[in-house]
Amino acid sequence: MVVPALFMAFLAVGLAATQRPRAKQGSPAPDFQLPILGGGTLSSQELKGAPVVINFWASWCVPCRQEAPALEATYEQYKARGVRFLGVDYEDLEGDAQSFTKEFKITYPSIRDIGGSLDTAFGVRGVPETFFIDRRFRFFSIGQGDQVGARGGTKILGAVTRPQLVSQIEQLLADNPEPGGPGPSPVQG
């Protein structure tokens, strides 16, 4: 009796902990160095000084497939303004992930979070989930839809829309115009 009760308590605490992201607006985003899908590595140090949109995705995730064209179009719209995009491949086979980026003509880099260290550090609750990071590499806002399903214990969240992406990026650019500048309080999203 004690073992099942302990298991249920552990499960309840775990589920409660995944109801909201661990990322706190204004707090530093975690540092990382992870392999880029297709070869090479990318470090968070390379992203500092620019606004960054970080999207956790998986090839098997239907909402990820729905939002991929909007992410790529928004990246194309904002890259000349210095906004960086980064995909984080979540619990996926490398071949499936490469097929996904090819199918959706994704031109921004995606890294492989083998072992889940980055998703744990970000407090990812499911996929897709998008984080907006300011020039000081601090959390600005988080964009995701409501839970629409689950797969093997991973929550499937709704796709972020292009208007949501544009709105968050415009606020990010307006609220933090200079690298290292003080900028107003982060905006919830």
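Two exercises with worked solutions follow, on a disulfide and on a strand of a predicted model.

Residues are numbered from 1 along each chain as its sequence is written. In this predicted model, local features need pLDDT of at least 70, side-chain atom pairs count only at pLDDT 80 or more, and totals for chains, interfaces and linings use all residues, while side-chain values use heavy atoms, with hydrogens and water left out.

**Exercise 1.** Find which cysteines are joined by a disulfide, and determine its handedness.

Solution. Apply the criterion: a pair of cysteine sulfur atoms within 2.5 Å. One disulfide results. The pair is Cys-61 and Cys-64, with an S to S distance of 2.4 Å. Next, take the torsion about the S-S bond, which is about 80°, so the disulfide of Cys-61 and Cys-64 is right-handed. Finally, check burial (buried: under 20% relative accessible area; exposed: over 50%; partly exposed in between; 1.4 Å probe, protein chains only). Cys-61 is buried at 0%, and Cys-64 is buried at 2%.

**Exercise 2.** Describe the surroundings of strand E7 (residues 129-133).

Solution. Strands (E, at least two residues) and helices (H or I, at least four) are DSSP runs numbered from the N terminus. Start with burial: five of the five residues of E7 are buried, so the strand is largely enclosed by the rest of the structure. Glu-129, Phe-131 and Ile-133 lie on one side, Thr-130 and Phe-132 on the other.

Then list the pairings (two strands pair if DSSP finds at least two bridges between them). Strand E3 (residues 52-57) runs antiparallel to E7, joined by five bridges; Val-52 stands opposite Ile-133. Strand E8 (residues 139-143) also pairs antiparallel with E7, over four bridges, and Phe-132 has Ser-141 as its bridge partner there.

Last, inspect the hairpin of E7 and E8: five residues separate the strands, and Phe-137 takes a positive phi near 60°.
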